[in-house]
Amino acid sequence: MSALITARLTANDVTEVVSAFGITLQWSFLTFVLFLGFITWWIWGLENYKRQREHSKPYFKVQRHGDWQFYVNKVATWGALQIWFVNKPKVASDNAVAKDVTATITLYDRVARTKIERPGCFIEAESFDWAGNVRRLQKIDEWPPNDEPRKLQVALRWPSEDIAYIFTYTTSMDWGREEPNAIAKGTHYLEVSFAGTRVDQPSLWFLLENPGRGKSNPFLRLIKPIKKPNLRKEASQTQ
């Protein structure tokens, strides 16, 4: 009789142990699933945060460009080549406000195989949709994301000359009209790059055409943004 009781007790003990082990396994599995879900959610949230920050960086796009001619007594005296940029990030937020923005203009002569690099000069007019020049800026202190353009004056040409000139920040009324800034007649590669707080984007590339004397409409011409050229192959320049 005692042996039978002992056997039953042992069987019950085993059943209880197996049942407890099964419950423990279930809780362990459930804990693992919850932990895995938390890790997945955390990684997704982190990646989404990174994407939001990346998309909210300042991003400068070309709004328009062209040759604006300025007149005295109804006669065009000189033409100014300008590029108008707007700050258009994918996500407009406080993080997309660019500060202390400067521009650099680099001109590559495809024939002479030379390079001219100059600090860019922004200009202000009486109205944001005008091309006039009432103030010159070496940098833009604050550039929020909106549709109001910031105008970069790239080059000038006078109708009696073949040579055009890169526009530079100067107090002189000649605006850098000197030999080191000369743009020869012909077509050149133009690179525009930006720097500033949270500003991190590749350079923008254009073709700049100086038609030379006798061509007054336009004085200068800019071909829309192009892919970065192979300067070693096409202009024998180092990149």
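Trainee: How many helices and strands does the protein have?
Mentor: This is a predicted model, in which local features need pLDDT of at least 70 and side-chain atom pairs count only at pLDDT 80 or more, while totals for chains, interfaces and linings use all residues. Residues are numbered from 1 along each chain as its sequence is written, and side-chain values use heavy atoms, leaving out hydrogens and water. With helices (H or I, at least four residues) and strands (E, at least two) taken as DSSP runs numbered from the N terminus, the protein has two helices and 13 strands.

Trainee: What share of the residues counts as buried?
Mentor: Buried means under 20% relative accessible area, exposed over 50%, and partly exposed in between, with a 1.4 Å probe and protein chains only. Of the 239 residues of the protein, the share that counts as buried is 35%.

Trainee: Which element gives the largest share of the largest nonpolar core?
Mentor: A nonpolar core is a set of buried Ala, Val, Leu, Ile, Met, Phe, Trp, Tyr and Cys residues joined through side-chain atoms within 4.5 Å. The largest one has 29 residues, of which Trp143, Leu190, Phe194 and Leu208 touch the most other members. Among the elements giving two or more residues to this core are β2 (75-87), β11 (186-197) and β12 (204-210), but the largest share, five residues, comes from β3.

Trainee: Which residues does phenylalanine 194 contact, leaving aside its neighbours within four places in sequence?
Mentor: Contact means heavy atoms within 4.5 Å. On that basis, and with those neighbours left aside, phenylalanine 194 is in contact with Phe60, Phe85, Val101, Thr102, Ala103, Phe122, Trp143, Val199 and Leu204.
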